[in-house]
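The following exchange examines how assignments in a structural model follow from computed values. Each reply sets a value against the criterion that applies.

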Amino acid sequence: MAEDLKIATGTKEDQYRLLSKQIEALISGEQDIIANLANIAAALKEQFNFWWVGFYLVKNEELVLGPFQGPVACTRIGYGKGVCGSAWKAGETLVVPDVEAFPGHIACSSLSKSEIVVPLFHEGQCIGVLDVDSEHPDHFDHVDKKYLEIICRLITF
């Protein structure tokens, strides 16, 4: 298990490449999902200084707030509601350059300007999402999508 996070430099892709290896080492051998999600959220926040990064887990037909880093957040999100609920319903990553333009956006913070949400799967079922918000418009791109999906595939339930 890794004890320290080495903050990477270089291109965004270089940073993600090193971070994904560190996350894999950090969570390997640890069976507690909450501990792993907490460390992943902390590692992403520390490396990229995202406004908000965390997980929502499916419980009783809604997404319930899980481990996160950042300001307080919405506690529950309905199926198909907001960016998180829409990614859950679609079963695919959503990249939103301008949250104000997203139909039905749930504003947990008015400071959030762009967002990426990556579904988490177990045995073919979406069982949660990774939600990352930025205070900058159009912050996320194909590199974020590629590596956040890689990181989410490292998570085992």
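Q: What is the strand order of the open sheet of six strands, and how are the strands paired?
A: In this predicted model, the six strands follow the order 3-2-1-6-5-4, and their pairing is antiparallel.

Q: What makes strand 3 and strand 4 the edge strands?
A: Strand 3 (76-78) and strand 4 (94-96) each pair on one side only, and they are the edge strands of the sheet. Direction ignored, neighbouring strands are turned by 25 degrees against each other on average.

Q: How do you know that strand 5 and strand 6 pair?
A: Pairing requires at least two bridges between two strands. Nine bridges join strand 5 (residues 114-122) to strand 6 (residues 125-134), so the criterion is met, and the two run antiparallel. Within this pairing, Val117 has Asp131 in strand 6 as its bridge partner.

Q: Which strands does helix 3 touch as it packs on the sheet?
A: Helix 3 (residues 82-90) touches strand 1 (52-59), strand 2 (62-69), strand 3, strand 4, strand 5 and strand 6, and its direction makes about 35 degrees with that of strand 5. Helix 4 lies across strand 4, strand 5 and strand 6, and runs at about 30 degrees to strand 5.

Q: How many aromatic pairs does a search of the whole structure find?
A: The search finds seven aromatic pairs.

Q: Why is the aromatic pair of Tyr16 and Phe48 called tilted?
A: The ring centres of Tyr16 and Phe48 are 4.4 Å apart, and the angle between the planes is 35 degrees. Ring centres must lie within 6.5 Å, and planes count as stacked under 30 degrees and as edge-to-face over 60. The angle of 35 degrees fits neither of these classes, so the pair is tilted. Tyr16 in helix 1 (residues 12-27) and Phe48 in helix 2 (residues 33-48) are 32 residues apart, and the pair links distant parts of the chain.

Q: Why does Phe48 count as buried?
A: The relative accessibility of Phe48 is 16%, and buried means under 20%; Phe48 is therefore buried. Tyr16, with a relative accessible area of 0%, is also buried.

Q: Why is the pair of Tyr16 and Tyr147 called stacked?
A: The ring centres of Tyr16 and Tyr147 lie 5.5 Å apart with the planes at 10 degrees. Because stacking requires planes under 30 degrees apart, this pair is stacked. Tyr16 lies in helix 1 and Tyr147 in helix 4 (residues 142-154), so the pair ties together parts that are 131 residues apart in sequence.

Q: Which residues do ring pairs link into a cluster?
A: The cluster consists of Tyr16, Phe48, Phe50, Phe140 and Tyr147.

Notes:
Residues numbered from 1 in each chain as written. Predicted model: local features only at pLDDT ≥ 70, side-chain atom pairs only at ≥ 80, totals over all residues. Heavy atoms only, no water. Phe/Tyr/Trp six-rings, centres within 6.5 Å; stacked < 30°, edge-to-face > 60°. Helix = DSSP H or I, 4+ residues; strand = E, 2+ residues; numbered from the N terminus. Buried < 20%, exposed > 50% of the residue type's maximum accessible area, 1.4 Å probe, protein only. Axes fitted to C-alpha atoms, helices over the stretch in contact; angles between N-to-C directions. Contact = heavy atoms within 4.5 Å.
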